[in-house]
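Student: Could we go through this one together, a question at a time?

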Amino acid sequence: MSDHSHEITPPAAEKFDAKHIGGLSQILLVCGVGGIGVSAIGFFVARQQFAFSWLFAFTYFFTICCGALFWTSLQHATDSEWSVLVRRQMENLAKLLPWFALLFLPLILFCAPYLWKWWNIAPGVDPLLDFKQGYLNHTFFYARAAGYFLFLAWVSHSLWKRSTSQDADGAAKHTFAMRKFGIGGIVVVALAISFAGFDWLMGLDYHWFSTMWGVYVFAGAAGSSMSLLVLVITVLKSKGYLKLVNSEHYHIMGKFMLAFSIFWAYIGYSQYMLIWYANIPEETIYFRIRNTDSWWYFSQFLVIGRFFLPFPVLLMQATKKTKYINHVAVWILVMQLLDIYVIVLPALHRTGFRPSLFDLSALVGIGGLMGWLFLRNLVQSNLFPTRDPRLLGSIKLSN
Amino acid sequence: MAEYRKIYGLGAQFESAAALMHAAEKIRDAGFSKWDVHTPYPVHGMDKAMGLGKSWLSTPVLIGGATGTLTATLLTFIPSWGIYPMIVHGKPFNWATVPAFFPIMFELTVLFSAFSTVFALLIMNQLPKWYHPVFNWERFSRVTDDGFFIVIEARDAKFSETKTRALLEEIGGLHVTLIHD
């Protein structure tokens with residue numbers, strides 16, 4: 001809701017001036033190409049390590065972009081006023097999703113047997129696998145992966161296209177169309193991120209299962225995606241753009257960061273609690289690997305760093321409304337990185353932490369490439385939806 | 001009898017929420033402290049227009065929540081470590097048993113925070129209250145329908161029956177009325 005007091009004339013459109021990017025675009029591209037180049041060496045000399053490192057970096061950025069699509073969809077589904085000023089940046093982040101299909105190709109084409117143990121096990125060898133044959137078979141696996149990317153690309157592109165078209169023609173029909181895409185988009189993100197989580201992460205050990213897995217992956221993704229949005233907005237503001245975004249908008253984004261820190265802890269704990277309490281070897285294996293040897297320190301640090309530290313800090317209104325929100329946002333993004341690392345890498349190095357150059361190269365490579373693509377998206381359209389019917393409500397926002 | 005009753009304050013009606021907001025800003029700037037606005041629905045931004053600042057409700061809630069966590073911690077650890085130590089389900093018998101107690105800590109934190117919110121809110125709003133002088137003003141019943149009101153209390157140091165009346169009229173107040181206790 002906005003206040004009822006002051007009349008405001010619509011603000012002029014803001015467009016990002018490419019000169020503000022400076023050399024950043026080239027640096028990101030060099031990082032991207034360099035990182036992917038080093039990873040390519042890993043592809044030939046240490047295929048298995050490459051596969052896990054690549055999956056780790058891929059999942060990190062992919063889930064964050066899925067989170068951005070979730071937030072975009074949510075704003076339309078709930079007809080939100082507050083978010084109009086910051087919404088274009090969510091759309092720009094979500095617009096990166098189709099590119100992940102390309103980055104997923106090396107995994108599904110050349111690394112599947114290294115990552116997913118069930119891939120090459122013949123029927124009749126493992127009765128537990130035979131029971132899952134209806135879901136865990138090559139054809140269905142390919143079809144599902146294609147489905148995730150197709151649907152995510154369709155919804156994210158449509159939302160971006162409609163929103164930018166409205167900048168030009170100001171037609172109300174786009175708002176109604178985006179509302180439909182938003183409501184459907186929530187379902188698409190929920191299904192895609194859950195089942196992608198099942199297929200690519202839970203599938204690292206086909207014996208193990210957790211029905212909360214999809215929600216767990218989503219909870220971390222949504223919170224870190226909001227953190228990234230905060231940082232993007234702050235950087236744009238520091239360059240002199242988006243002056244209309246004020247502490248009220250940061251307050252709301254901070255509240256979402258707090259909510260999703262709690263939600264992550266709630267889901268993560270519930271999953272742990274049920275497995276710990278039931279104590280069935282088939283289920284406990286996941287935590288047995290991650291709570292022994294050097295992985296134990298990673299797991300403990302994750303619990304403290306992803307929840308117990310940000311929770312009291314974000315609880316204070318002062319944090320959410322001042323520059324400290326940026327520090328917390330960086331911290332949450334680092335913790336999300338740790339979370340994905342602890343999910344993926346222990347499946348390979350079961351006896352403890354073993355760092356690899358390819359972890360870093362995959363991260364720098366995919367991150368650099370995505371950053372470069374994001375900057376390309378940034379200059380393509382206005383920095384906020386200039387003719388959205390709810391824009392004035394967002395400008396006059398008060399909590 | 002009416003003429004012997006104490007004066008409670010001056011009330012004025014305003015045409016719209018926007019007019020009320022402008023009026024509230026002016027009264028805030030005039031330096032009044034014992035006054036209030038009354039509207040049929042919550043008006044966002046009014047707390048700023050009135051110069052109210054941040055509510056102190058969060059302090060009792062934090063204290064309540066922390067008390068809840070502490071209570072739950074003691075309620076679970078004292079019996080299972082001290083009074084009735086018992087191994088259940090073969091679970092560890094040390095600090096590592098804490099996951100079993102998290103639900104209780106969580107629930108009591110929520111429960112105590114909720115209680116402290118409700119009771120602090122009642123105290124802050126001086127509720128329950130069976131009588132309020134503003135209801136002596138017949139027009140005021142429209143506050144639940146379409147009326148926007150400002151009432152400045154007589155106990156305000158800046159209150160003056162004539163000057164405050166002039167101020168309310170100047171900022172667009174209609175039906176400025178003296179309200180008796």
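Here come a few questions on cores, strands and domains.

Tutor: Ground rules: this is a predicted model, where local features need pLDDT of at least 70, side-chain atom pairs count only at pLDDT 80 or more, and totals for chains, interfaces and linings use all residues. Residues are numbered from 1 along each chain as its sequence is written, with chains lettered from A and ligands numbered from 1 in the order in which they are written.

Student: Which helix gives the most to the largest nonpolar core?

Tutor: A nonpolar core is a set of buried Ala, Val, Leu, Ile, Met, Phe, Trp, Tyr and Cys residues joined through C-beta atoms within 7 Å; buried takes 20 or more other C-beta atoms within 10 Å of the residue's own, with C-beta atoms placed from the backbone. The largest one has 97 residues, with Leu55(A), Phe56(A) and Met257(A) among those with the most contacts inside it. Giving 18 residues, the top contributor is chain A's helix H2 (residues 47-77; a DSSP run of H or I, at least four residues).

Student: And in chain B, why is strand S3 largely enclosed by the rest of the structure?

Tutor: Strands are DSSP runs of E, at least two residues, and they pair if DSSP finds at least two bridges between them. S3(B) runs antiparallel to S1(B), joined by 6 bridges, and pairs with S2(B) over 4 bridges, also antiparallel. It counts as largely enclosed because, of its 6 residues, the number buried is 5.

Student: How far apart do the C-alpha centres of chain B's two domains lie?

Tutor: The bounds come from an automatic or database domain assignment. Domain 1 is 2-53 + 129-180 and domain 2 is 58-124. Their C-alpha centres are separated by 45 Å.

Terms used: A residue is buried if 20 or more other C-beta atoms lie within 10 Å of its own, exposed if 12 or fewer, and partly exposed in between; C-beta atoms are placed from the backbone.
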